[in-house]
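Welcome! Take a moment to look over the sequence and the model, and then let us walk through them together.

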Amino acid sequence: MVKQGNVINWSLLPNAAKKPKRMHLEEDENDGLFHCPVPDCHNDGFGTQRGCRKHVKKKHPWFYYFDEKPSDSDIEASRSQMEKEKGQRRSSNGVPSFDMSCTFAEQFTAWLKGSGGGCKSDRQAQQLVSKCLKFLKFCSEDEDHLTLDIVDFCLSSPNLLFKFADSMQSEWQLGHAGRIGYLDAIAELVTYRKVKKVRKTVSKMMRLQWTSDLDIDVLEAKGHWATMDELLGVVSRYLPRYEAVLRTCKDTPDRASPFDLSFATKFLAVYLFIQVKGSRPMTYQYLTVDMVRTAKTNGGFVDQKMFKTAGKYGFDSLLLTDTNMSVLEGYITYIRPLLKPKCEYVLVTRNGGQHNKLGELMSKLVFGATGKYVHPTRYRQIVETSSCKVLKSADRSAISEDQKHSSNVAKVHYRKQRSREVATKARECLEKLHGDSGTKLDKEVLTRLSDLSNSSEDQDDCTKSCSSTDEVQKISTPPAARMKPSARKLPAKQKREDAFLMTELCPARRKSLLFTPEEDKYLKVGLKRYGFGQWTSILRDPDFHFQKGRSPNSLLNRANRKYTTMDNHLVDRKG
């Protein structure tokens, strides 16, 4: 007896009905039960139609497609065919793919599992990466190694994407769900590359902006670039006050105010940055009292390990001279105890805690002394760029290495200096190549064009241009338009051009010109002569002498505030 059930697809057997039967069960009048419609079934009956239908579906599933039960040979053939089809189920496991251990696959997997990729699980990330690698391999069959250029090329080609979708349907015979899964994976890959490109573009823009904004010429124009002499003058300016605070803390500590104690901390921070070393703020932030005391016994060295680039450099060593030790000793002995320190660090706040805003302290004192905004990072840039003019190449390298700081500003400055040196030497060599002929040519050019160049400079004077506004108007307008203003009406276009010329010829006029009593008289007479609206005619009338820079619009505003018209007569608003 062949096992019946869902294993056999009865609809595929020979002579099977195209559609399954619909059973119409009727209750037996004698016993009130529902009997199985199969003739050879020996079941006694069921109390409900649902029970009878379940019986037929479970025991006689062939009844839906046949009137009589098929033979065992037909059943075996059908079951073997079902098993064969099940074993030949289509999948994409054998599709060529790039190696999952490549660098791109690892980076893509990490991004998918991170917050940027939606925090996918490890299994989800592996599935998405595997599908993307198959797509990339399909688009670049000849490539053995996967690079970012290949990825971008595959994603930017619509033809390859369409061919891949057709291949999934025709060759792989994937269903709708499988194809959508691949497209979703490709969408994740597009998002990943888009984010990377945007980040790379923004980084490039930031570097370009930093290069332009942090250029020495720009900083000098903004007043944020100081010389070494100016920075040394900061210590000299605040030294008398610090001396007074130190003397007060030593002789009469009860009279020391909290503001004086805060100033002493600021001064010491600025002194350390300028006189000891232009280091990172963390170097002095984690400077302890024990380090200073130990430096007295080992030649003044303090080997600091708490700073931002400690992983790269290991140590940030300070070398304290006798003068530096004297300043630190005075602060530690007389000023620091009055701040009631709660930690072992040298620089503390008024609450006794660790001071962690040393950059702000330096910026405030330097700005108060020089009026320029200089922070520790900029001070290190000033040190490096100043070394370019004073020190030799080997000495500059030592300064840069001691700063523990890679300054783009200094690099740009070095390149600019080097470029100027090359240009100077190249100019000398070019003059040698030109020889006497080049010298004669220069003399001829100077002789012929020197007078013309001087006259053109005189004509470009803005003040002279503003004073000759009427002459420019005459030159810029045709002869028919040079009539007396009372004999013609200016069109609207000409009015706009006149206003434009008045504005452009006097660009230096920024402050508003107050009307004088004489100008009010000219305006009143002009209104009676020309009427409201003819402001350019009033302004150009040779009988009126308005101030230089007066515009037609200003006459309009003055007239609206001062006068009004009633029955075609001019009336003062105050009247």
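## A tour of the model

Let us begin at one residue. Leaving aside residues up to four places away in sequence, Tyr 284 touches Leu 272, Phe 273, Val 276, Lys 277, Ser 279, Leu 318, Leu 347 and Leu 358. Please keep in mind that this is a predicted model.

Where does Tyr 284 belong in the wider picture? Together with Tyr 331 and Val 346, Tyr 284 is among the residues with the most contacts inside the largest nonpolar core, a set of 51 residues. Seven helices appear in the list of elements that give two or more residues to this core: α8 (216–222), α9 (228–251), α10 (258–276), α12 (289–295), α14 (322–335), α15 (358–370) and α16 (376–390). The top contributor is α10, which gives 12 residues. There is also a second, separate core, with 30 residues, including Phe 104, Phe 108, Leu 136 and Tyr 192. As background, nonpolar side chains tend to be buried together in soluble globular proteins.

Now step back to the whole chain. The protein chain has 24 helices and 4 strands. It has 575 residues, and 34% of them count as buried. About 37200 Å² of the protein chain is exposed, with carbon and sulfur atoms supplying 51% of that area. If you take the contacts between residues at least 6 apart in sequence, 60% join residues at least 24 apart.

Two of the strands are worth a visit. Strand β1 (residues 301–304) pairs with strand β2 (residues 316–319) in the antiparallel sense, over 4 bridges. Within that pairing, Asp 303 stands opposite Ser 317 in β2. The two faces of β1 differ in cover: Val 302 and Gln 304 are on the covered face, while Phe 301 and Asp 303 are on the uncovered one.

Charged side chains come next. Side chains of opposite charge can pair when their charged atoms come close. How many salt bridges does a search of the whole structure find? The search finds 11. Here are three of them, with the N to O distance for each pair.

| Salt bridge | N to O distance |
|---|---|
| Asp 122 and Lys 113 | 3.2 Å |
| Glu 230 and Lys 372 | 3.1 Å |
| Lys 296 and Glu 329 | 2.7 Å |

Glu 230 lies in helix α9 and Lys 372 in the loop between α15 and α16, so this pair ties together parts that are 142 residues apart in sequence. Is Lys 372 buried or exposed? Lys 372 is buried, with a relative accessible area of 18%, while its partner Glu 230 counts as partly exposed at 29%.

The pair of Lys 296 and Glu 329 joins parts 33 residues apart in sequence, because Lys 296 lies in the loop between α12 and β1 and Glu 329 lies in helix α14. Lys 296 is partly exposed at 47% relative accessibility, and Glu 329 is partly exposed too, at 31%.

In the remaining pair of the table, Asp 122 is partly exposed, with a relative accessible area of 43%, and Lys 113 is partly exposed at 38%. Elsewhere, a network of salt bridges links Arg 529, Asp 541 and Asp 543.

One last stop is Ala 17, in the segment before α1 (49–59). Ala 17 counts as partly exposed, at 28% relative accessibility. Ala 17 and Phe 66 are 49 residues apart in sequence, and their C-alpha atoms are 6.7 Å apart in space.

Definitions and conventions
Residues numbered from 1 in each chain as written. Predicted model: local features only at pLDDT ≥ 70, side-chain atom pairs only at ≥ 80, totals over all residues. Heavy atoms only, no water. Buried < 20%, exposed > 50% of the residue type's maximum accessible area, 1.4 Å probe, protein only. Pairing = 2+ DSSP bridges. Contact = heavy atoms within 4.5 Å. Areas by Shrake-Rupley, 256 points an atom, 1.4 Å probe, with all protein chains shown as cover. Core = buried A, V, L, I, M, F, W, Y, C linked by side-chain atoms within 4.5 Å. Salt bridge = Lys/Arg side-chain N within 4 Å of Asp/Glu carboxyl O.
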